[in-house]
Amino acid sequence: MVILAQVAESIVPTGLYASSTMELKWLLCVTLLILGLVDVQTHDGEDDHGDDVIDIEDDLEDGVEEVEETKPEASSPPPSPKVTYKPPVPTGEVYFVENFDKGTLEGWVLSKAKKDDTDDDIAKYDGKWEVEEMKDTKLPGDKGLVLISRAKHHAISAKLTKPFIFNTKPLVVQYEVNFQNGIECGGAYVKLLSKTPELNLDQFHDKTAYTIMFGPDKCGEDYKLHFIFRHKNPQTGKYEEKHAKRPDADLKTYFTDKKTHLYTLVLNPDNSFEILVDQTVVNSGNLLNDVTPAVNPPREIEDPDDQKPEDWDERPKIPDPDAVKPEDWDEDAPAKISDDDAVKPEGWLDDEPEYVADPDAEKPEDWDEDMDGEWEAPQIANPKCESAPGCGIWQRPMIDNPNYKGKWKPPMIDNPNYQGIWKPRKIPNPDFFEDLEPFKMTPFTAVGLELWSMTSDIFFDNFIICTDRVVAEDWANDGWGLKKAADGAAEPGVVGQMMAAAEERPWLWVVYILTVALPVFLVVLFCCSGKKQTSAAEYKKTDAPQPDVNEEKEEGKDKADEEEEEEEEEAESNEDKQEEKQKSDADVGSASQEEEEEEDEEEEEEEDGKPTSEVKATFWCSLSRSGDHVGGPLVIFNDYISLKK
């Protein structure tokens with residue numbers, strides 16, 4: 001506070017006592033900043049030392065050592081909350097569950113098959129699989145299935161605890177995927193392998209029968225989330241793939257952010273389905289209405305044997321057969337004719353060509369007339385034509401022929417024999433069937449991953465197949481939920497996220513700068529704006545002599561008492577002058593304008609001088625009352641406002 005008093009004492013005589021609003025605002029800003037710093041230091045001291053008081057004179061060395069020891073602890077950031085991994089446990093009946101935390105591929109079968117119609121070099125399913133933790137795992141102990149190789153065919157599968165039969169219960173398929181290195185081209189979908197007598201897991205390949213294929217896939221810039229099921233035609237017994245409609249959501253983030261995402265398929269007995277990513281629905285629909293091609297064929301089809309009759313007239317308009325070409329219609333008239341009214345401009349140079357040989361050009365030294373022919377100077381624009389309206393042979397300009405009509409054609413009229421666009425007749429569809437329960441698909445008995453990828457280290461984890469959505473949600477909360485919590489605890493703060501975002505999108509730096517600069521600009525505008533006025537503006541614009549404002553500003557504290565005495569004497573003399581003026585006005589009727597202006601100036605000087613001493617006294621009283629109190633600047637400001645009112 002001693003420093004504050006010294007600073008205020010040096011500022012007050014030149015800032016507060018002046019009548020300038022600009023200087024008053026500067027004083028308030030400086031006072032606010034000083035008291036804010038003092039208050040922050042006071043609170044920091046209380047937080048660092050609490051109730052303990054260090055006797056510097058008695059034990060200076062111990063105090064210095066203690067401060068040095070405690071300083072790093074105070075400046076170190078608080079430790080991040082730690083998330084402990086615990087393997088998820090299913091809370092209900094499941095058909096398949098796998099978290100890979102045992103660290104082996106026990107229960108999984110690697111395919112030994114070869115891909116048909118493929119070169120022998122890449123036909124084998126020899127891509128490697130490993131069970132390991134993620135590269136940047138935040139949950140030590142959490143392991144998953146990792147696709148190791150790139151540009152290889154991979155195939156691995158595992159049996160369900162029992163076959164899944166589509167009856168009255170829903171189907172819920174859920175698992176996690178993390179593209180640790182991003183993804184260039186490849187898939188991460190699963191296949192639910194159909195229950196067939198010929199199913200052999202060690203010969204699992206792309207032609208192996210499946211019931212449902214579900215999961216993410218990317219090719220080029222096409223980001224997909226597949227839901228495909230194979231529907232059996234009840235008449236022919238053949239299977240046909242049905243593809244669900246594309247999601248409306250933007251899926252790119254799930255492939256590029258290198259985070260673990262949870263993929264869920266819910267298929268209900270009423271034929272409705274939902275596809276979720278991270279427990280958020282991204283696609284939904286019905287098996288009867290929202291798949292391509294449709295499950296049920298149309299009832300009627302066009303007759304393939306029906307043919308359009310030869311006399312079928314499909315022309316909606318025809319030329320008018322009764323129309324006759326007018327006698328004065330000249331089809332041979334040209335579209336353009338020369339303008340007979342045109343006159344050659346004066347000064348036209350008929351004998352001068354438009355281009356002439358360049359007189360300054362010289363034949364190259366290496367020019368061989370036998371090889372290159374006779375040398376000719378290059379052509380340039382004729383300089384004589386620059387000042388003339390034109391050069392060469394003058395020709396009349398061409399204009400549109402007013403008599404030109406072109407080739408005559410009869411007008412078009414409605415065709416009285418128009419029969420419409422021909423279409424073959426409809427006949428009953430011989431292949432028609434109606435399956436109102438496409439949910440009842442072929443039972444499946446295994447789950448498999450049959451993938452090709454140009455990117456390695458795709459991480460799979462926490463597979464579950466069940467009939468209860470709550471069981472799947474509990475499994476997700478205990479598995480994927482822990483990963484999400486651990487990633488959130490390890491993520492940088494808001495500033496770190498903003499910096500990372502700006503590195504990917506440099507234009508964000510402009511937004512950040514504007515966001516920071518705007519408040520600073522407003523503060524500066526508040527403190528530094530205001531119409532600057534000189535003290536002379538407070539006086540009337542007269543020819544009477546005015547006091548020197550600069551000299552009054554330069555007077556120090558030693559003359560303050562003398563100013564107060566002079567102001568009191570001036571006030572008494574002004575009262576006497578006003579009485580004399582009133583008497584003289586009554587006797588004479590009017591006074592000179594110069595005397596009235598002088599009296600007005602003296603009255604204004606009196607009014608200006610009186611508040612100055614009051615403001616000075618009030619400022620020091622407010623300053624002494626404020627002390628170390630944070631609201632000190634507000635007290636000073638409020639007192640000043642009340643005085644001005």
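This is a short selection-by-selection tour of strands, two surface patches and one contact between distant parts of the chain. Keep in mind that the model is predicted.

**Stop 1: strand 6**

Select residues 171-179, which make up strand 6. Nine of the nine residues there are buried, so the strand is largely enclosed by the rest of the structure. Now switch on the side chains. Which residues point which way? L171, V173, Y175, V177 and F179 go to one side of strand 6, while V172, Q174, E176 and N178 go to the other. Both sets are buried, and the second one includes Q174, E176 and N178.

**Stop 2: the partners of strand 6**

Keep strand 6 on screen and add residues 261-267, strand 12. These two strands pair in the antiparallel sense, over seven bridges. For a landmark, pick V172: its bridge partner in strand 12 is V266.

Next, bring in strand 25, residues 458-466. Strand 25 also runs antiparallel to strand 6, and seven bridges join the two. Here, click on Q174 and look across to I464, which stands opposite.

**Stop 3: strand 1**

Stay with I464 and add strand 1, residues 94-98. What stands opposite I464 in this strand? That would be V97. Strand 1 and strand 25 are antiparallel too, paired over four bridges. Is strand 1 enclosed or open? Four of its five residues are buried, so strand 1 is largely enclosed by the rest of the structure.

**Stop 4: a contact across the chain**

Select R315 and N415 together. They sit 100 residues apart along the chain, yet their C-alpha atoms are separated by 6.7 Å. R315 belongs to the loop between strand 16 (300-302) and strand 17 (317-319). With 46% relative accessibility, R315 counts as partly exposed.

**Stop 5: a negative patch**

Over to the surface: select D360, E362, E365, D366, D368, D370 and D372, which form a negative patch. To see where one of them sits, pick D368, in the loop between strand 19 (355-357) and helix 6 (369-372). Its relative accessibility is 34%, so D368 counts as partly exposed.

**Stop 6: a nonpolar patch**

Last selection: L518, F521, L522 and L525. Together they make a nonpolar surface patch of about 400 Å². Color helix 10, residues 508-528, and you'll find L522 in it. How exposed is L522? It has a relative accessible area of 48%, so it falls in the partly exposed class.

Terms used:
Residues are numbered from 1 along each chain as its sequence is written. This is a predicted model: local features need pLDDT of at least 70, side-chain atom pairs count only at pLDDT 80 or more; totals for chains, interfaces and linings use all residues. Side-chain values use heavy atoms; hydrogens and water are left out. Buried means under 20% relative accessible area, exposed over 50%, partly exposed in between (1.4 Å probe, protein chains only). Two strands pair if DSSP finds at least two bridges between them. Patches are made of residues with over 30% relative accessible area and no salt bridge: like charges are joined within 9 Å, nonpolar side chains (Val, Leu, Ile, Met, Phe, Trp, Tyr) within 5 Å. Accessible areas come from the Shrake-Rupley method with a 1.4 Å probe; for residues, only the protein chains shown count as cover. A salt bridge is a side-chain nitrogen of Lys or Arg within 4 Å of a carboxyl oxygen of Asp or Glu. Lys and Arg count as positive and Asp and Glu as negative; His and the chain ends are not counted. The place of a charge is taken as NZ of Lys, CZ of Arg, CG of Asp or CD of Glu.
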